[in-house]
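Subject: Structure handover

Hello,

The structure you asked about is below. Please look through it first, then read the notes that follow.

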Number of protein chains: 2
Amino acid sequence: MNILTENMDPYRNPETYDELHKDYNADLPLLLEWAEKQGGPVVDLACGTGRATIPIAEKGIEVTGIDLNTGMLERAKQKTAGTLLPVIWSLQDCSNFTVDTVSPFICMTGNSFQHFLTNEAQDRLLRSVHRALADGGVFIFGTRFPVHEDLAPEQTEEYEEEEGRRVRYEERYDAGRQLLHCRTIRTDEDSRAQEEDIMLRYTYPQEMERLLSGHGFKIEHRYGTWEKEPLDADSKEMIYVCRKA
Amino acid sequence: MNILTENMDPYRNPETYDELHKDYNADLPLLLEWAEKQGGPVVDLACGTGRATIPIAEKGIEVTGIDLNTGMLERAKQKTAGTLLPVIWSLQDCSNFTVDTVSPFICMTGNSFQHFLTNEAQDRLLRSVHRALADGGVFIFGTRFPVHEDLAPEQTEEYEEEEGRRVRYEERYDAGRQLLHCRTIRTDEDSRAQEEDIMLRYTYPQEMERLLSGHGFKIEHRYGTWEKEPLDADSKEMIYVCRKA
């Protein structure tokens, strides 16, 4: 499994991606709060088309958006072309990124944490983040809570989409590797099928505590939503505000 | 939650415990294989009434059985009283035990690993094991695989037992703390109810890899059964053979 080449299906079309996620901004208040508290230069990891990066830059805070998907980053660049926003777009693998100066604040949103499929990939990511943070720097990220009903060994759903497309959505959870394999097969009226695959790693709450402390992070806050609701067994998300210890 | 005082219900009656588990010996071949390969002095952690300890001693291998339950250990002592078996029974907390000399082989069976309810308790246990192992020493233990259908948020079962006792069995899984709370309420014909509670910590496969490597263990084998079947997403158990790295 090579995350660079085999796990990019949902990002093949940046315009569609933006359209799908245009109404999502639940994470912005928390991210902006900390960006203003900590100051720049901020690093926004797995920044995609800049959904969170640009609002941070619009506050006048320097920010580097890092992503390894050329298409997504090109679209981000287009959005800020001709502006004076203090933003740098950087094509890099987040699990081994470097920045010119250490940062007081690094963030990673959109459940991108789930793209780091193995313990080794998680370790590389967190080592890179720790190295890039200034002393006392803050790292904020979120990931899906391993909700019981979402992680059955197999689930299938079939439905009709607009313009008569039939959609078959399959999920298989590999409990050993803690990987959810999602497959969407869209078949149009002419029986042409298009397949979209994605693998998502799940990390369990106590496992996350061990992971973060093992990498030298002190968890300052853990939330169940980006709106700061408590993290508990009914949560759908896990949001961590960690300080470089 | 104090594991020493609040999680001992199933061990209140050692005779009943022995009777319930008398036919279980699936773990013995693997344990004896490694005890003979590594030699003594062996340490059998959470030895209970000596179900695995005694067969190891019967091979002529020195073994110390450690448990923190006085009643269980008393029953173990009775079983070997008057014999010349090379066994020492030692009343200690496994998460902070000491032995006179380092051991080439330490084991912990019967899913006792699940009694270490927090990351901190797991850490204490593994630090104690690592300290007590000789260089190149082997630690073998097993724990239940986090089977999806077993870890629903709530499950209840009611049935009749012998002599007209009604039994209500309840399970609640706290996905945040990764703790399964099992409660058995037995009501006899005279409506007298007896309650038995136990908490079991679940550790996920990738979490276990991180836990063991973080404590300086190299996983030599991982099995899905004590009979050495492969560990995969359909496993019911996780058995680890680890070497002090």
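Chain A and chain B bury about 1,900 Å² between them, with 54% of that area on carbon and sulfur atoms. Please keep in mind that this is a predicted model. Each chain puts 23 residues into the contact: 23 from chain A and 23 from chain B. On the side of chain A, the residues that lose the most area to chain B are His148(A), Gln206(A) and Arg210(A), and together they make up 40% of what that side buries.

Arg210(A) also appears in the list of charged pairs. There are 2 salt bridges between chain A and chain B. In one of them, the side chain of Arg210(A) meets that of Asp123(B), with N and O 2.6 Å apart. Polar contacts between the two chains amount to 18 residue pairs, both residues in each being at pLDDT 80 or more.

Which helices of chain A each supply at least two residues to the side that touches chain B? They are helix 6 (119-132) and helix 7 (205-214). Helix 7 of chain A gives the most, with 6 residues. Sorted by class, the side of chain A that touches chain B has 9 nonpolar, 7 polar and 7 charged residues.

Next, the inside of chain A. Chain A is divided into domain 1, made of residues 3-145 and 203-244, and domain 2, which covers 148-201. If you follow the chain by residue number, you will therefore meet domain 1 in two stretches, with domain 2 listed between them. The C-alpha centres of the two domains of chain A lie 26 Å apart.

The two domains of chain A have an interface of their own. Here 16 residues of domain 1 are in contact with 12 residues of domain 2. Together the domains bury about 1,200 Å², 42% of it on carbon and sulfur atoms.

How many salt bridges are counted between domain 1 and domain 2 of chain A? The count is 1. A salt bridge in chain A joins Arg201(A) to Glu207(A), and the closest N and O atoms are 2.9 Å apart. Across the interface of the two domains, 6 residue pairs are in polar contact, both residues at pLDDT 80 or more. The side of domain 1 that touches domain 2 consists of 5 nonpolar, 7 polar and 4 charged residues.

There is also a database note. An unreviewed UniProt entry places the feature "domain: Methyltransferase" at residues 42-137 of chain A. Over that stretch the chain is 32% helix and 26% strand, and the C-alpha atoms at its ends are 10 Å apart.

Last, some details of the backbone. Most peptide bonds are trans, and most residues other than glycine have a negative phi. The bond from Gly40(A) to Pro41(A) is cis, with omega near -5°. Pro41(A) sits in the loop between helix 3 (28-38) and strand 1 (42-45) of chain A. In chain B, the peptide bond from Gly40(B) to Pro41(B) is cis, with omega near 0°, and Pro41(B) is in the loop between helix 3 (28-38) and strand 1 (42-45) of that chain.

Where in chain A is Gln178(A) found? Gln178(A) is in the loop between strand 7 (166-174) and strand 8 (179-187). Although Gln178(A) is not a glycine, its phi is positive, at about 60°.

Regards

Key:
Residues numbered from 1 in each chain as written. Chains lettered and ligands numbered in written order. Predicted model: local features only at pLDDT ≥ 70, side-chain atom pairs only at ≥ 80, totals over all residues. Heavy atoms only, no water. Contact = heavy atoms within 4.5 Å. Buried area = accessible area lost by both parts, 1.4 Å probe. Salt bridge = Lys/Arg side-chain N within 4 Å of Asp/Glu carboxyl O. Polar contact = N/O pair within 3.5 Å; in protein donor to acceptor, adjacent residues only side chain to side chain. Nonpolar A, V, L, I, M, F, W, Y, C, P; charged D, E, K, R; others polar. UniProt positions renumbered as here; feature names shortened; annotations may be inferred. Helix = DSSP H or I, 4+ residues; strand = E, 2+ residues; numbered from the N terminus.
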